[in-house]
Amino acid sequence: MKAEVFLPDDYRPAEDEPFMNPRQVEYFRRKLLDWKADLLEDSRDTIEGMQEGTRNIPDIADRASEETDRALELRTRDRQRKLVAKIDAALRRIEEGEYGYCEETGEPISLKRLDARPIATLSLEAQERHERREKVHRDD
């Protein structure tokens with residue numbers, strides 16, 4: 001069992017400390033877990049709202065509007081479901097000691113990028129190369 005890492009409430013990873021030291025790892029682990037908990041709570045709220053909101057609306061325009069709103073909400077929840085899977089993958093990388101390193105180059109991903117997008121798997125440079133290749137192939 002791993003020893004618990006003390007993390008002050010105001011802690012922010014810094015470039016002048018060793019990369020992916022136990023405090024940084026714990027910081028990102030907590031950030032990912034909090035994000036996942038928020039997404040799952042939103043999902044529960046949506047399900048409860050849809051169960052409570054089921055009603056027969058006689059006006060066809062009102063019914064169409066409600067169905068459109070519901071479809072939009074379901075698409076949003078589907079994106080969040082996929083995001084939860086990416087969060088779970090990032091948590092697995094933390095457990096395996098691979099978190100914070102680019103899948104393509106093996107180089108560290110910048111702390112600023114990880115703080116902004118904790119599920120990042122590519123360094124900024126590798127991500128930009130990936131997006132350029134995607135754009136070239138999409139234009140074909």
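**Aromatic pairs and the nonpolar core in a predicted model**

Q: In which helix is the place of L83?
A: In this predicted model, the question concerns one leucine and the element that holds it. The place of L83 is in helix α2.

Q: Is L83 buried or exposed?
A: Buried residues are those under 20% relative accessible area. L83 has a relative accessible area of 18%, so the residue counts as buried.

Q: Leaving aside neighbours within four places in sequence, with which residues is L83 in contact?
A: The count takes in heavy atoms within 4.5 Å and leaves aside the neighbours of L83 within four places in sequence. On that basis, the contacts of L83 are W35, L39 and I119.

Q: How far apart in space are L83 and L124, C-alpha to C-alpha?
A: In sequence, L83 and L124 are 41 residues apart. In space, from C-alpha to C-alpha, the distance between L83 and L124 is 19 Å.

Q: Which geometry, stacked, tilted or edge-to-face, does the pair of Y11 and Y27 have?
A: A search of the whole structure finds four aromatic pairs, one of which joins Y11 and Y27. Their ring centres are 5.9 Å apart and their planes stand at 70°; because plane angles over 60 degrees count as edge-to-face, this pair is edge-to-face.

Q: How many residues apart are Y11 and Y27, which the pair links?
A: Y11 belongs to the segment before α1 (22–53), whereas Y27 sits in helix α1. Both residues are buried, and the pair links distant parts of the chain, with a separation of 16 residues.

Q: How many residues apart in sequence are the parts that the pair of F28 and Y99 ties together?
A: F28 and Y99 form a tilted aromatic pair, with 5.6 Å from centre to centre and 45° between the planes. Since F28 lies in helix α1 and Y99 in the loop between α2 (60–96) and α3 (111–116), the pair ties together parts whose separation in sequence is 71 residues.

Q: What relative accessible area does Y99 have?
A: Leaving aside neighbours within four places in sequence, Y99 is in contact with residues including M20, F28, L32 and L114. Its pairing partner F28 counts as buried at 0% relative accessibility; Y99 is buried as well, with a relative accessible area of 3%.

Q: From which helix does the largest share of the largest nonpolar core come?
A: The largest nonpolar core has 22 residues, and those with the most contacts inside it include F28, I87 and Y99. Although α1, α2 and α3 each supply at least two residues of this core, the largest share, six residues, comes from α2.

Key. Residues are numbered from 1 along each chain as its sequence is written. This is a predicted model: local features need pLDDT of at least 70, side-chain atom pairs count only at pLDDT 80 or more; totals for chains, interfaces and linings use all residues. Side-chain values use heavy atoms; hydrogens and water are left out. Rings of Phe, Tyr and Trp (its six-membered ring) pair if their centres lie within 6.5 Å; planes under 30 degrees apart count as stacked, over 60 as edge-to-face and the rest as tilted. Helices (H or I, at least four residues) and strands (E, at least two) are DSSP runs, numbered from the N terminus. Buried means under 20% relative accessible area, exposed over 50%, partly exposed in between (1.4 Å probe, protein chains only). A nonpolar core is a set of buried Ala, Val, Leu, Ile, Met, Phe, Trp, Tyr and Cys residues joined through side-chain atoms within 4.5 Å.
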